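Biologist: I am new to this structure and would like a close look at a single part of it, the salt bridges and the strands around them. Could you take me through that part carefully?

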Amino acid sequence: MDQQMMMSAYGQQAPTARMSPHGNKICRVSLQQGQDLFAKQGSMIAYNGFINFMPYRESRGNRVRGRTAGEQLALMQCQGQGDLYLADYGADVVMLQLQGNGISVNGANILAFDATLTKSIGWVSGIANKFSGNGMTNIELSGNGWVAITTRGTPVVLNPSEQETCVDPDALVAWSTGLRIKSKRSARMGALVGRGTGEAMQVAFSGAGFVVVQPSEDSTDRFHIRG
């Protein structure tokens with residue numbers, strides 16, 4: 001394959017938005033002065049232009065909550081002007097733009113987000129005492145800006161607005177913060193439901209919004225069901 005063919009098949013394309021995909025495993029971010037980005041440490045694979053990378057340190061309160069939650073993020077702050085390419089060990093990448101709304105994400109699945117967004121670490125209401133520890137925690141991002149998350153394989157995005165949607169917690173990646181959430185047990189099903197948990201326990205969602213589910217019950221960095 002000559003250079004022209006390689007560039008045609010795999011080369012840079014003109015950015016269509018602040019964040020845009022290159023294939024399904026690379027996130028391209030168009031950085032401008034004064035539009036900083038937070039990204040997972042180690043996720044930069046290439047960049048054009050003049051971009052600086054600095055470690056980001058959480059506030060003390062968030063560090064404490066992050067350690068308790070098992071959701072502490074190692075982030076770098078990206079500043080400058082140019083095109084930044086991010087990836088996370090070949091995981092699939094999903095990008096979305098928040099417009100005054102919010103998303104709750106497993107910390108291990110966050111790749112990057114605009115510095116304009118508000119980030120918090122907190123307990124998820126509605127399912128406390130059903131999971132290991134005292135409940136379940138996630139990273140919540142809200143406001144106006146872009147978010148890139150990773151999934152192990154091509155995800156399915158579900159709409160629980162018409163009927164209740166139940167998800168194996170070990171396959172759960174992210175969801176709209178406005179959804180109603182509760183725990184649900186499938187009676188008499190035991191380990192037949194949910195390969196990742198070995199339990200007939202799911203997280204049930206309803207309301208207007210979306211739920212992102214990956215095709216891998218990733219129990220290594222997810223919360224665990226208690227019996």
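Modeller: What follows goes through the salt bridges one pair at a time and then turns to a sheet. This is a predicted model, in which local features need pLDDT of at least 70 and side-chain atom pairs count only at pLDDT 80 or more, while totals for chains, interfaces and linings use all residues. Residues are numbered from 1 along each chain as its sequence is written, and side-chain values use heavy atoms, with hydrogens and water left out.

A salt bridge here is a side-chain nitrogen of Lys or Arg within 4 Å of a carboxyl oxygen of Asp or Glu, and by this rule there are six salt bridges. One of them joins the side chains of Asp-92 and Lys-25, with 2.9 Å from N to O. Asp-92 belongs to strand β6 (residues 92–105) and Lys-25 to the loop between β1 (19–22) and β2 (26–31), so this pair ties together parts that are 67 residues apart in sequence; strands (E, at least two residues) are DSSP runs, numbered from the N terminus. With buried meaning under 20% relative accessible area, exposed over 50% and partly exposed in between (1.4 Å probe, protein chains only), Asp-92 is buried at 6%, whereas Lys-25 is partly exposed at 34%.

Another salt bridge is formed by Lys-40 and Asp-88, whose closest N and O atoms are 2.9 Å apart. This pair, too, links distant parts of the chain, since Lys-40 sits in strand β3 (residues 37–40) and Asp-88 in the loop between β5 (75–86) and β6, 48 residues apart. Lys-40 is partly exposed at 25% relative accessibility, while Asp-88 is buried at 12%.

The side chains of Lys-184 and Glu-164 also meet in a salt bridge, at 3.1 Å from N to O. Because Lys-184 lies in strand β13 (residues 180–185) and Glu-164 in the loop between β10 (156–158) and β11 (165–167), the pair ties together parts that are 20 residues apart in sequence. Lys-184 is partly exposed, at 35%, and Glu-164 is partly exposed, at 34%; together with Lys-182, these residues are linked in a network of salt bridges.

Strands β11 and β13 also appear in an open sheet of three strands, ordered β11-β14-β13 with antiparallel pairing, where two strands pair if DSSP finds at least two bridges between them. Both β11 and β13 stand at the edges with a single partner strand each, so one side of each is left without a neighbour in the sheet. Three bridges join β11 to the antiparallel strand β14 (residues 201–206), and Thr-165 has Phe-205 in β14 as its bridge partner.

Conventions
Helix = DSSP H or I, 4+ residues; strand = E, 2+ residues; numbered from the N terminus.
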